[in-house]
Amino acid sequence: MRYSRMLLPTLKEVPSDADVISQKLMMRAGMIRKVAAGIYNLLPLGLRVVNKVEQIVRTEMNRAGAQEVLMPMVVPAELWQESHRWDEYGKELLRIRDRHNRDFCLGPTHEEVITDMVRREVRSYRELPLNLYQIQTKFRDEIRPRFGLMRGREFMMKDAYSFHATDESAEAEYRNMFDTYTRIFERCSLQFRAVEADTGSIGGRFSHEFHVLADSGEDAIASCDACDYAANLERAELKDPGFAPAGPKAVEKVSTPGKKSVEEVSAFLGVPQSSLIKTLIYETDRGAVAVCVRGDFEINEVKLKRELKAQFVRLADDDAVRKATGAPVGFAGPVRIKAPVYADFSVKGIPSGVTGANEADTHLMNVSPSRDFNATYLDLRNAVAGDECPRCSGRLVIKRGIEVGHIFKLGTKYSEAMGATFLDPEGRERPLIMGCYGIGIGRTAAASIEQNHDEFGIIWPSPLSPFDCEVVPVNVKDEGTVKVAEEIYSKLTARGVDALLDDRDERAGVKFKDADLIGIPVRVTIGERNLKQGMVEIKERRSGEVRLVKVEEAVEELEKAIKK
């Protein structure tokens with residue numbers, strides 16, 4: 001490809017509305033342009049990268065035995081009403097009406113459509129198992145779209161769905177997809193980690209997320225320093241330490257005028273935050289509950305919702321807190337409170353704690369969880385660095401990650417709701433057992449930039465690079481320079497190397513800066529000075545290594561560098 005014929009509008013300045021490095025560099029490198037909030041045009045360079053990701057995903061999915069289909073983006077409301085998600089999914093589901101006043105939505109995911117497809121076509125266990133996938137545009141009306149392709153409203157996704165007659169078959173396919181995803185991200189040359197995860201709005205029994213490790217990642221993941229255990233914070237399990245012995249002192253009521261927060265109470269009473277029993281009032285579909293955690297830890301609302309099997313959990317407002325505790329916000333405690341008490345395991349380890357007294361401007365000291373109140377103890381907090389691993393005696397470390405893939409064991413959630421059944425060997429009608437497997441295509445490309453860049457621009461790993469190498473004639477007005485550049489470019493192209501020839505009439509500095517910005521792995525520079533010695537310069541983008549090679553050996557040397 002010739003640079004002069006390509007739509008590749010690089011920018012010198014960082015766009016003011018770009019937040020993370022991948023968004024900044026994709027806009028500066030002429031890969032994307034914003035159309036509306038969370039909606040982007042993919043320009044030629046960006047589409048080349050996305051196509052590279054797609055091809056790796058498609059190859060590995062086909063290798064794993066999945067079959068590609070294509071489903072519509074516009075989905076009738078009836079299918080979502082059958083699964084009960086039409087009302088449950090929330091405002092992220094963009095609802096529309098056609099000219100006949102019939103309700104539709106733009107598909108954010110396709111469980112309903114694929115389940116409808118399979119229930120119409122599959123009748124017998126003999127036709128199972130089945131894994132169908134697509135690579136298609138999705139739309140989720142995020143309230144705060146940001147970070148370019150990392151969290152857009154419209155995005156490319158590979159979503160696959162498997163159907164089974166037995167749990168054993170579903171388990172085998174789950175492992176098959178786990179291994180397939182591992183190969184996909186390894187082929188993309190990404191540093192990643194598979195972690196146990198919450199199933200969220202998709203539903204199902206358990207799931208794994210695949211995270212590209214990057215300091216800019218939105219998600220925190222906990223992993224063991226001694227074994228292969230890893231989970232996101234919504235799922236990370238924590239051990240029950242057991243009750244500490246009760247302290248020798250009786251409960252004492254103390255005045256704490258205006259001291260509501262953990263920090264304020266800790267400083268006022270001169271006790272560490274770890275000695276406080278923080279109590280928050282939550283409203284749920286089952287009524288108000290009191291939730292306790294050690295003062296220096298944070299309640300994990302995803303865990304809380306899951307453990308309570310609640311439809312929703314949210315912090316109570318001032319009126320609800322006063323009704324449940326008899327006191328204003330900031331003075332709740334588990335001792336003699338009227339609401340049911342749920343406490344994190346961490347509370348058990350406090351022998352003599354401080355908690356609200358359910359009276360304004362008052363706290364209790366010397367509170368022993370094993371002696372002074374009753375609670376249901378559960379794993380309800382976020383993991384922190386140094387926590388003991390739930391699988392071994394190792395310690396957890398916390399890293400940042402960008403979620404690029406997610407696999408679910410759905411069970412019969414959708415098949416039962418939508419009547420998707422098959423006949424077993426005895427002729428009995430049974431619901432299909434399902435799995436679900438997604439990869440964010442554009443997000444994977446953006447995550448690669450988050451992991452591979454420097455102060456000059458992108459450093460593409462070879463499998464995702466928009467071109468294999470770049471040919472840069474320093475002076476396009478010099479006939480000798482142009483002739484050698486054209487010869488190298490032609491020979492590379494003839495050998496199947498995808499090369500970019502920078503044939504622009506620009507200063508050398510401009511060409512070099514653009515080359516570093518767009519991040520193609522290997523560059524060959526043809527300049528008059530080196531040509532007088534019969535040499536050209538090869539530079540590797542990642543290492544910065546520069547070497548001179550003979551003109552007649554340039555193509556072979558470039559091919560070696562590309563294959564590194």
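This section describes the nonpolar cores, selected strands and helices, and the cysteines of a predicted model.

The largest nonpolar core comprises 58 residues, and those with the most contacts inside it are Met31, Val57, Tyr181, Phe185 and Phe210. Helix H2, spanning residues 44–63, is the greatest contributor to this core, supplying seven residues. For Val57, when residues up to four places away in sequence are not counted, the contacts are Ile135, Lys158, Ile184, Ile439 and Ile441. A second core, separate from the one just described, contains 28 residues, including Met71, Leu130, Ala165 and Ala420. In soluble globular proteins, nonpolar side chains tend to be buried together.

Near the N terminus of the numbering, attention turns to helix H1. Six of the eight residues of H1 (residues 21–28) are buried, so the helix is largely enclosed by the rest of the structure. These buried residues are Ser22, Gln23, Leu25, Met26, Met27 and Arg28. Their cover includes strands S1 (32–36), S2 (39–42), S25 (453–454) and S26 (457–458), together with helices H13 (441–451) and H15 (508–518). Just after H1, a positive phi of about 70° is found at Gly30.

An open sheet is built from three strands in the order S13-S19-S18, with antiparallel pairing. Strands S13 (252–255) and S18 (353–356) occupy the edges and have a single partner strand each, so one side of each lacks a neighbour in the sheet. On average, and with direction ignored, neighbouring strands of this sheet are turned by 30° against each other. The antiparallel pairing of S13 with strand S19 (residues 362–367) extends over four bridges. Within S19, Thr362 is the bridge partner of Ser255.

Strand S29 is an enclosed element of another part of the model. Five of its five residues are buried, so S29 is largely enclosed by the rest of the structure. Val522, Val524 and Ile526 point one way from the strand, whereas Arg523 and Thr525 point the other way, and all are buried. S29 pairs with S27 in the parallel sense over five bridges, and Pro473 stands opposite Ile526 of S29. With S30, S29 pairs in the antiparallel sense over four bridges; here Ile538 in S30 is the bridge partner of Val524.

These three strands are also among the surroundings of helix H17. Seven of the ten residues of H17 (residues 554–563) are buried, so this helix is likewise largely enclosed by the rest of the structure. The buried set consists of Ala554, Val555, Glu557, Leu558, Glu559, Ala561 and Ile562. These residues pack against strands S27 (469–473), S29 (522–526), S30 (535–540) and S31 (546–550), as well as against helix H14 (479–494).

A search of the whole structure for disulfides finds zero. Cys389 is in no disulfide, and the nearest cysteine sulfur, belonging to Cys224, lies 3.7 Å away. Because a disulfide requires cysteine sulfur atoms within 2.5 Å, a separation of 3.7 Å does not qualify. Cys389 is buried, with a relative accessible area of 0%. Cys292 also counts as buried, at 0% relative accessibility.

How values were computed:
Residues numbered from 1 in each chain as written. Predicted model: local features only at pLDDT ≥ 70, side-chain atom pairs only at ≥ 80, totals over all residues. Heavy atoms only, no water. Core = buried A, V, L, I, M, F, W, Y, C linked by side-chain atoms within 4.5 Å. Buried < 20%, exposed > 50% of the residue type's maximum accessible area, 1.4 Å probe, protein only. Helix = DSSP H or I, 4+ residues; strand = E, 2+ residues; numbered from the N terminus. Contact = heavy atoms within 4.5 Å. Pairing = 2+ DSSP bridges. Axes fitted to C-alpha atoms, helices over the stretch in contact; angles between N-to-C directions.
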